[in-house]
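This report goes through selected helix contacts and salt bridges in one structure. The sequence and coordinates come first.

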Amino acid sequence: MNEVCSKELIELAEKDLSVREKLASEGKLSGGYHPEMEQIHRQNAEKLREIIRKIGFPTISKVGDKASEAAWLVIQHSIGEPAFMKECYKMMIENRSGVNPLNIAYLHDRIQVFQSKPQKYGTQLTEERLPYPVENKNKLNEERLKVNLKPFSQEEINRIPGIEKIAEIDAKQVGYTEWRIKKGWILAP
């Protein structure tokens, strides 16, 4: 196990979470992507790139469970860098035996939602705290169980908006849509 990289990854995640906690306590996390948080996410993504260049994708066997989870947090929060998130997702798939399957599911869904596409596992929520539309409601619980997510009740599944509601859901968040266009997640209409 690479102790140096492991320590670095854990420190990146701790910094991310401490800045997030500070901004949240100051009431500064709502109303868009806070510049200080964005800066931390960019710096962390760059450090993770360096680690990947050194050792490849930080799997559990390479850096330990806690550091592998920290790497996933850095990836999940690199929302301003679509190409990086997508590349990391590919690396996670290629190294799936050394990665928590739950992390792959969350990253898959996050990428899909940023692109205004239906998710597979139902991990990402709308502003109404409902799961964002999913690819297949009939197979949702089957997919969730594959990655150790607890199944939804049929009532919960029935409340998930249909795929045809994606444009309507996204239209409620004008600033978010503009940001996704600016960052390259989606194209301007």
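Two residues are in contact when heavy atoms lie within 4.5 Å. By this criterion, and leaving aside residues up to four places away in sequence, E69 touches N100 and N103. The model is predicted.

**E69 and helix α4**

E69 belongs to helix α4, residues 65-76. Its relative accessibility is 24%, so E69 counts as partly exposed. From G32, E69 is 37 residues away in sequence, and the C-alpha to C-alpha separation in space is 26 Å.

The axis of α4 comes within 9 Å of that of α5, and the two cross at roughly 145°. This crossing is left-handed. On the α4 side, the contact is made by W72, I75 and Q76, and on the α5 side by M85, C88 and M92. Sorted by class, the contact has five nonpolar residues, one polar residue and no charged residues.

**Helix α10**

Helix α10 spans residues 174-183, and its buried residues are T177, W179, R180 and K183. They lie on the same side of α10 because they cover an arc of only 160° around the axis. The face turned away from this buried side carries the exposed residues V174, E178 and K182. The packing partners of the buried residues of α10 are α2 (35-55), α5 (82-94), α6 (101-114) and α9 (166-171). After α10 comes G184, which has a positive phi near 95°.

**Salt bridges**

Over the whole structure, a search finds 19 salt bridges. Three of them, each within a helix, are listed below.

| Pair | N to O distance | Helix | Separation in sequence |
|---|---|---|---|
| R20 and D16 | 3.8 Å | α1 (residues 3-25) | four residues |
| K146 and E143 | 3.4 Å | α7 (residues 140-146) | three residues |
| E155 and R159 | 3.3 Å | α8 (residues 154-159) | four residues |

R20 and D16 are separated by about one helical turn, because they are four residues apart in α1. R20 is partly exposed, with a relative accessible area of 27%, whereas D16 is buried, at 1%.

In α7, K146 and E143 are also about one turn of the helix apart. K146 has a relative accessible area of 53% and is therefore exposed. E143 is at 13% relative accessibility, so E143 counts as buried.

For the pair in α8, E155 is exposed, with a relative accessible area of 56%, and R159 is partly exposed, at 45%. Elsewhere, salt bridges that share partners join E38, R42, E46, R49, R53, E81 and K183 into one network. K183 is also one of the buried residues of α10.

Key. Residues numbered from 1 in each chain as written. Predicted model: local features only at pLDDT ≥ 70, side-chain atom pairs only at ≥ 80, totals over all residues. Heavy atoms only, no water. Buried < 20%, exposed > 50% of the residue type's maximum accessible area, 1.4 Å probe, protein only. Arc of directions from axis to C-beta. Axes fitted to C-alpha atoms, helices over the stretch in contact; angles between N-to-C directions. Left-handed = near helix turned anticlockwise from the far one by under 90°. Nonpolar A, V, L, I, M, F, W, Y, C, P; charged D, E, K, R; others polar. Salt bridge = Lys/Arg side-chain N within 4 Å of Asp/Glu carboxyl O.
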